[in-house]
Amino acid sequence: MSEPSQDRKSRRVTEPNLLFESSSPGRNSIVWPAEAGDAAALIPPALLRDDIAGFPELGELEVLRHFTRLSQRNFAIESQFYPLGSCTMKYNPKINEVVARFPGFAEIHPLAPPGMLQGALALLHGLEIMLAEISGMEYVSLQPSAGAQGELTGLMLIRAYLADRGNPRRKIIVPDTAHGTNPASSTLCGYEVIQISSNDHGVIDATAVARVTDEEVAAIMITNPNTLGLFESNIEAIAEVVHGKGGLVYLDGANLNALMGIAKPGHMGVDVLHMNLHKTFSTPHGGGGPGAGPVAVNGQLRDYLPVPRLVKQGDRFELLEDAPKSVGRVRSYFGNFGVLVRAYTYILSLGGDGLEQASRMALLNANYIRRRLEKSYQIAFDEPCMHECIFTDRIQHKNGVSTLDIAKRLLDYGYHPPTIYFPLVVSGALMIEPTETETPETLDGFVDAMLAIAREAKEEPELVQQAPHSTPVRRLDEARAARKPVLRWERGSSAADS
Amino acid sequence: MRYTPHTPADQERMLKTIGVASIDGLFEHVPKSLRERAKINLPDGLTELAVRQQLAALASQNATAGDWSLFLGGGVYRHFIPSAVDAMISRSEFSTSYTPYQPEVSQGTLQALFEYQTLICQLTGMEVSNAAVYDGASAAAEAVLMARRIQPTGRRRVLVSRALHPHYRAVIATYVKNLIDVRLEEIPFDGTGGTDIAALTERLDDQSMCVLVGYPNFFGIVEDLAPIKSACARAGAQLIAVTSEPLAFGLLKPPGEFAVDIAVGEGQSLGVPMNLGGPAFGFFACQKKFVRNIPGRLVGETVDSDGRRGFVLTLATREQHIRREKATSNICTSQTLCALAATVYLSLMGKSGMRRVAEVNVARAHEAKARLIEQAKLEPVFSGPFFNEFVLRGNDLNQVFTRSAKSKIVPGIRLEQWYPELTDCFLSCVTEMNERQEIDRLVRTIAG
């Protein structure tokens, strides 16, 4: 075990122990009922274990202090501006958290008879209807646990629908700007991926689509606005091309936060759509989940939606498990219900008018940043942006300063960096999505930091290249982590020892 | 409510900077045919008070575990959760951060996930754990896909125990449906309630890819994995242990000690409320030699440029954002906040707490089962050892359940919806949350 390193000026221990290193044999705060007799005698000895080797033994205060200190080593929306592109890091309202913890939502069992869950089912039904209205689609399934599972479900629907018509087909068209999950989901669904390039204006041409579309194309997957923050203005024509050959249009709704009240996917010729409730509908990202990725479809795909299907019979809600054309189950029970409760609460809070206002202000904030930065950073595509804008490091690169350096230097200024090096088609991309919940003062602070870094890149490039200087740890050796993976604690295993 | 802070003066100033006359001017390039039909036809926004009241009204229509005596398990369990768990995961530094792509300012989440991975390894007896997946069902499906990456193309028969959770079996079927090389086959259960080992042995051959067995299984039965592992090893098939009640590992020999290849399951039991079945998380562990085939996020230890210990997401070359169509999985979340809840929970429970709570579950479930048989005249169905769930048969279950409901009791889960062969049978679950008086009431009510 390594000695905790000390900040020599403040004498503060800056490096927390792992739980296991603070453990002390016999220490514990929780008291259990004394009963139980010899429970171990009720299970055959061959199926019993010894004590869990290495497991922590700590008091409650130590545990709390440990995790509180860990939390202080995170950036988060409530402490920092977090303009992470394509992630929609908007404010996560507190009311959502309060409601999701109501015992009537948190303390209910999924296999209780539906008659005991009518309030929960009414909420789910209501959310399906609201998401259909917002997206302009006809039917919604709330089952998928996350955007990527929504995508997979959407592709399965497409495959089942086409197979029913005689041929599931072989190929999915995916633009080069797509999220990596699009091609990964396609493969998992048994499809071959055909990649197409965006044009000089950062969008897809219908003619480019027409060139690769034949009777073996099952669908095109489009993100709109795309990951360059641009509206795919040819989408109606693209849909016509693909539909003309009997294929379908899948819309990756990751960027739906740009569209509410501005354009509905259901009107663009889209057949299948997934939405990320943890983006557009304000549910917390939780450091990487849980999210929720509902799938919406138009009428012709309804019968293929996953089970269980929620149906209203008179005043009662029932769950239909038996749907012969359905793709089946994609997860246990009814989706990430706690996340769905938060999204429902958010939509109710904002209302139709508030959702429209949210998208409008998201566009205002993104365009404002774009305009204020465009003289100091190279804009990737000189087109009007939607909810996010993409810059590159081309100007700073002349002084040896890269996108990674700029991102790390932003940490010293107290801002979470934008998404970097994505989309892959833009060299050294910096993808900035401010969201609508930020004030212009916050945006100005961020812009000033970016402008200061642009100056530093010219005058003092090494200051930027060696950043961050003020974070709990400095740049980490990722190559070492991958070369000799240490994926768990074991006594005497710490990488810092060697 | 409005979470957009812009005043009219703000908007005016910003539009001026942008050089556009109005907000509408920001999206004039969106085709008019779309814009003019885009209005959202939903009621206007509400006050926070009104929202809270509406949601409270919906919540009140659900039967909660506090008001009812629920003897329900089946993959989702009501266990005691120390207050400190929610206090920690409610900290906005954890809940409102994103996937730790910038490790210098994500050490909190990264270290917690590293600790999570360690705890899961210790609990399951496995060598490597990822940073969690969606749920137990998709974890089982991902395990099958992982076995497919490891095993040669000649091995594509997947043998699934019929005593595995029906939802998990359904999700596996959904995931492999479009992989035409994979064949799913079901192995029956026997009178013990465990997988029929003779049938399994007979079906295993040189085309078998993997075997999936519940541990404990859907009927609560603790199957002896030793003979199953031997049979798998002889045939060259991988063994995947699937668990929806990992609390049992406080007492039971963990899957790693049976040398299973992959151990997966649902983590809800470990500090996450029932939430109507989600969100919780799926745990995913395997032998070290398979680490480069594992799906999902992995956190690894390393050092920073000053030599200090730190943590990063690692082995990302398996993942979709780099490998795209060649990725090991399309997953890009780790249900992190739920995995964090489990990390805090397990830290508080500690070595002795995990054993004690498992013992209380075993003791109460055994007592309840014995009394329901003796005093309420229900019949046992399976003979195998069990953890905190058991199957009973009764005449006229409709009447039993109706009478129980009048006393605000749900005795269990009816099984015929998934197992036509188990008509008149139900699966009952007793945990440390079901106090002795509650068990008394259950027995009295059913006995009539």
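A crossing of two helices is left-handed if the near helix is turned anticlockwise from the far one by less than a right angle, and right-handed if clockwise. Keep that in mind for the two helix pairs described below. One caution before going on: this is a predicted model.

**Where the chains meet**

Let's start with the interface. On one side, 177 residues of chain A take part, and they are in contact with 160 residues of chain B. Helix α10 of chain A, running over residues 337-373, supplies the largest share of chain A's side, with 23 residues. Sorted by class, chain A's side of this interface has 98 nonpolar, 49 polar and 30 charged residues.

Helix α10(A) packs against helix α1 of chain B (residues 8-18) and also against helix α3 of chain B (residues 48-59). Here are the two pairs:

| Helix pair | Angle | Axis separation |
|---|---|---|
| α10(A) and α1(B) | about 45 degrees | 9 Å |
| α10(A) and α3(B) | about 140 degrees | 10 Å |

What do you call the arrangement of α10(A) and α1(B)? Angles of 65 to 115 degrees count as roughly perpendicular, those under 35 as roughly parallel and those over 145 as roughly antiparallel, with the rest oblique. At about 45 degrees, α10(A) and α1(B) are therefore oblique to each other. Their crossing is left-handed. From α10(A), the contact uses Leu364(A), Asn367(A), Tyr368(A), Arg371(A) and Arg372(A), while α1(B) brings Gln11(B), Met14(B), Thr17(B) and Ile18(B). By class, that gives 4 nonpolar, 3 polar and 2 charged residues.

The pair formed by α10(A) and α3(B), at about 140 degrees, is therefore oblique as well. This crossing, though, is right-handed. The residues involved are Thr345(A), Leu348(A) and Ser349(A) from α10(A), facing Val51(B), Gln54(B) and Leu55(B) from α3(B). Those residues divide into 3 nonpolar and 3 polar, with no charged ones.

**Domains in chain A**

Chain A is assigned domain 1 (19-71), domain 2 (95-349) and domain 3 (357-480). The C-alpha centres of domains 2 and 3 of chain A are 31 Å apart. Their contact takes 18 residues from domain 2 of chain A and 17 residues from domain 3 of chain A. On the domain 2 side, the classes come out as 8 nonpolar, 9 polar and 1 charged.

**Chain B as a whole**

Over to the partner. Chain B contains 14 helices and 15 strands, and its C-alpha trace spans about 80 × 55 × 50 Å along its principal axes. Out of 448 residues in chain B, 62% count as buried. Contacts between residues at least 6 apart in the sequence of chain B join residues at least 24 apart in 74% of cases.

The domain assignment for chain B reads domain 1 (8-57), domain 2 (69-81 + 351-447) and domain 3 (83-344). For domain 2 of chain B and domain 3 of chain B, the centres taken over C-alpha atoms are separated by 27 Å. Here 25 residues of domain 2 of chain B are in contact with 29 residues of domain 3 of chain B. On the domain 2 side, α12 (336-374) and β12 (389-393) of chain B each supply at least two residues, and the largest share, 7 residues, comes from α12(B). That side divides into 15 nonpolar, 6 polar and 4 charged residues.

**A covered helix and a buried valine**

Helix α8 of chain B (residues 166-176) is mostly covered, with 10 of its 11 residues buried. Among the buried ones are His167(B), Tyr168(B), Arg169(B) and Tyr175(B). What does the covering of α8(B) include? Elements of chain B that help cover the buried residues include α7 (136-150), β3 (157-161), β4 (183-187) and β6.

Strand β6 of chain B (residues 238-243) is also where you'll find Val242(B). Is Val242(B) buried or exposed? It takes 20 or more other C-beta atoms within 10 Å to count as buried, and Val242(B) has 31, so Val242(B) is buried. Leaving aside neighbours within four places in sequence, Val242(B) is in contact with residues including Tyr168(B), Ala140(B), Leu164(B), Leu212(B) and Val264(B). By contrast, take Ala112(B): it sits 130 residues from Val242(B) in sequence and 24 Å from Val242(B) in space, C-alpha to C-alpha.

Conventions. Residues are numbered from 1 along each chain as its sequence is written. Chains are lettered from A and ligands numbered from 1 in the order in which they are written. This is a predicted model: local features need pLDDT of at least 70, side-chain atom pairs count only at pLDDT 80 or more; totals for chains, interfaces and linings use all residues. Two residues are in contact if their C-beta atoms, placed from the backbone, lie within 7 Å. Helices (H or I, at least four residues) and strands (E, at least two) are DSSP runs, numbered from the N terminus. Ala, Val, Leu, Ile, Met, Phe, Trp, Tyr, Cys and Pro count as nonpolar, Asp, Glu, Lys and Arg as charged, and the others, Gly among them, as polar. Domain bounds come from an automatic or database domain assignment. A residue is buried if 20 or more other C-beta atoms lie within 10 Å of its own, exposed if 12 or fewer, and partly exposed in between; C-beta atoms are placed from the backbone. Axes are lines fitted to C-alpha atoms, for helices over the stretch in contact, and angles run from 0 to 180 degrees between N-to-C directions.
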